[in-house]
Amino acid sequence: MNAWIWLGVVALTLYLATLWWHSRKPLPPGLGVEGKWRSPCTPRLLIDETFVDADGQRHCRQQIFDEILRLIGQAETLVVLDIFQFNDPADDRQDCHRQISAALRDALLARKRQRPDVEMVVITDPINAVYGGRELSHHRALEAAGIRIATTDLTIGRDPNPSWSALWRLCLRWMPHSPRGGWLPNPIGPGKVGLRSYLALLNLNANHRKTLVVDEGKHWTAVVSSANADDGSSDYRDMALRVSGDIALDLLASEREIAARSGVIIDHVQPPAAGPDASGPVPRLRLLSEGAIKRALLAIIDDARAGERLDIEVLYLSHRGVIAALARAMARDVQVRVLLDPNHHAFGVSSSGIPNRQAASDLLAAGIQLRWSDTHGEQAHSKMLLRHASERPARLLLGSANYTRRSLDDLNFEADLEWVAGADDPVIAAARAAFERHWHNRDAERYSTGPEAYLDPSRRRYWQYRLMEASGWCTF
């Protein structure tokens, strides 16, 4: 065997070893969190809705960023914001769009001017700067004011697209790059970027969290959300939960680890309470991140009993394990309703409908009730499951995680909350009312349409979805 063959064997062995390890390696501290059950304090469900009235006019009700901006504006000690998309402000638009990114930037800067001693850290995903290919004006403004930016080091996590990422880690990660002088069109916005931005983009990984931790009076307060801080998604349908108490410290501990591994130390040290697990009384809640979200999601579905109801409203539903669990629930006479985004709009660009329209055929074959969100340029971006309609406490799961391989199998960085409470609990009642409103188009507000509107009978696209999900060569 000549030297070239030996070299090829060594290179292939190194490639396969890198592929295997980085798709299965243990997650570092701060990821894969299954938190203690906590007793909640001052909970509130926050909902953003876009709908069409009887005259075809679009309207919005938005609560999430109003509350986030309020919380930032009263902080005295610490603000830690972890947000997937926090882009430079876009051109002002009419209708339901807001300049969310500018409002968030300005709120942080204003509070830092008022209280210079407040520690502020913004954790964000490298996609915002197109993986180092662009400079962001609002990042420069925040850093100039003493607000630290932690651009997440995604290499600490597992690789969702291992066939590409193994090559990236071995050969391409070391390529030089600059935020100036790009020659290729920006794949996610205006301007030009270099080749390395495209090569990094193909890793298809993300810190997909949308969280906030602040001090609020005598309490610590957290917001766990599905909403991004970019102007293009400011009219999306989203959901968040704001709660105070020890749960906020659980989230802070997780965010401190991500920030530290991305080069930013959060000086304010406040360990979570070490008290007993509040697993008995209701209401109660716990923090879940990464793969712990899947375990909780499947447990809620598999524990559903005959006569109970599972209501799901989610941007992407493609995970084969979740689809199988829902089919088993139907076989136990659980009432299952699924409200899906049709996947034909993403940040103003038309898309093919993969994966939801293909996964919908499996849901309907199992007898599951299905409706489509009737979107008009926006996305139905919530990620919510509610189990209810029995004498047992209801269970609500919401946050950043879609029901996909990337979000549930320890690949993306995600954060959810699981809430357990009685049927008359205000959070449960608000979640139930929102789903009924979206499902039935009540009060002359149109949110959804029937299953026939977006069904796709193509077997080619069905198997395309299955291959994309299994291989990791997908953005969902």
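## A walk through two sheets

Start by selecting strand β17 (residues 383-388) and strand β18 (residues 394-399): they run antiparallel and four bridges join them. Now click on Met384, and look across to Leu398, its bridge partner in β18. Keep in mind as you go that this is a predicted model.

**Stop 1: the sheet around β17 and β18**

Zoom out a little. These two strands belong to an open sheet of eight strands, and if you colour them in order you should get β11-β19-β18-β17-β12-β13-β16-β20, with mixed pairing. Which strands stand at the edges? They are β11 and β20 (448-449), and each has a single partner strand, so one side of each is left without a neighbour in the sheet.

Next, select helix α8 (residues 291-303). This helix packs on the sheet and touches β11, β12, β17, β18 and β19. Compare its direction with that of β11, and you'll find an angle of about 130 degrees. Then add α9, which lies across β12 and β13 and runs at about 145 degrees to β13.

**Stop 2: strand β11**

Go to β11 and show its partner too: β11 and strand β19 (residues 415-421) pair in the antiparallel sense over six bridges. One spot to pick out is Leu287, which stands opposite Leu417 in β19.

Is β11 buried or exposed? Six of the six residues of this strand (residues 284-289) are buried, so β11 is largely enclosed by the rest of the structure. Turn on the side chains to see how that works on both faces: Arg284, Arg286 and Leu288 are buried on one side, and Leu285, Leu287 and Ser289 are buried on the other.

While Arg286 is on screen, select Glu34, Arg295, Arg395 and Glu418 as well. Together with Arg286, these residues are linked in a network of salt bridges.

**Stop 3: charged pairs**

The structure holds 37 salt bridges, so here's a short selection to visit.

- Select Arg98 and Asp66. Their side chains meet in a salt bridge (3.0 Å, N to O). Arg98 lies in the loop between β3 and α3 while Asp66 sits in helix α2 (residues 64-74), so the pair ties together parts that are 32 residues apart in sequence. Switch on the surface here: Arg98 is partly exposed, with a relative accessible area of 25%, and Asp66 is partly exposed too, at 40%.
- Select Arg337 and Asp311. The closest N and O atoms of this salt bridge are 2.9 Å apart. Arg337 is in strand β13 (residues 335-340) and Asp311 in strand β12 (residues 309-314), which puts the partners 26 residues apart. Both Arg337 and Asp311 are buried.
- Select Asp362 and Arg320. They form a salt bridge in which the closest N and O atoms are 2.9 Å apart. Asp362 belongs to helix α10 (residues 356-365) and Arg320 to helix α9 (residues 320-331), so this pair ties together parts 42 residues apart in sequence. Arg320 is partly exposed, with a relative accessible area of 29%.

**Stop 4: another eight-stranded sheet**

Now colour the strands β2-β1-β10-β9-β8-β3-β4-β5 in that order. They make an open sheet of eight strands with mixed pairing. At the edges are β2 (58-61) and β5, each pairing on one side only. Tilt the view to look for the twist, which averages 15 degrees from one strand to the next.

Pick strand β1 (residues 41-52) and strand β10 (residues 238-244): six bridges join these two, and they run antiparallel. Cys41 has Ser244 as its bridge partner in β10.

Two helices are worth adding. Helix α3 (residues 100-114) packs on the sheet and touches β3 (78-83) and β4, its direction making about 160 degrees with that of β4. Helix α12 (residues 426-440) lies across β1, β2 and β10, at about 10 degrees to β1.

**Last stop: β4, α4 and β5**

Show strand β4 (residues 119-124) and strand β5 (residues 148-151). They run parallel, joined by four bridges, and Val121 stands opposite Arg148 in β5. Put helix α4 (residues 137-144) back in, and β4, α4 and β5 make a right-handed β-α-β unit.

Finish with α3 and α4 side by side. Their axes come within 10 Å and cross at roughly 10 degrees. The two helices are therefore roughly parallel to each other. To see the contact, select Arg105, Leu108 and Leu109 of α3 along with His138, Ala141 and Leu142 of α4.

Terms used
Residues are numbered from 1 along each chain as its sequence is written. This is a predicted model: local features need pLDDT of at least 70, side-chain atom pairs count only at pLDDT 80 or more; totals for chains, interfaces and linings use all residues. Side-chain values use heavy atoms; hydrogens and water are left out. Two strands pair if DSSP finds at least two bridges between them. A crossover is right-handed if, with the strands pointing away from the viewer, the path from the first strand over the helix to the second runs clockwise. Axes are lines fitted to C-alpha atoms, for helices over the stretch in contact, and angles run from 0 to 180 degrees between N-to-C directions. Contact means heavy atoms within 4.5 Å. A salt bridge is a side-chain nitrogen of Lys or Arg within 4 Å of a carboxyl oxygen of Asp or Glu. Buried means under 20% relative accessible area, exposed over 50%, partly exposed in between (1.4 Å probe, protein chains only). Angles under 35 degrees count as roughly parallel, over 145 as roughly antiparallel, 65 to 115 as roughly perpendicular and the rest as oblique.
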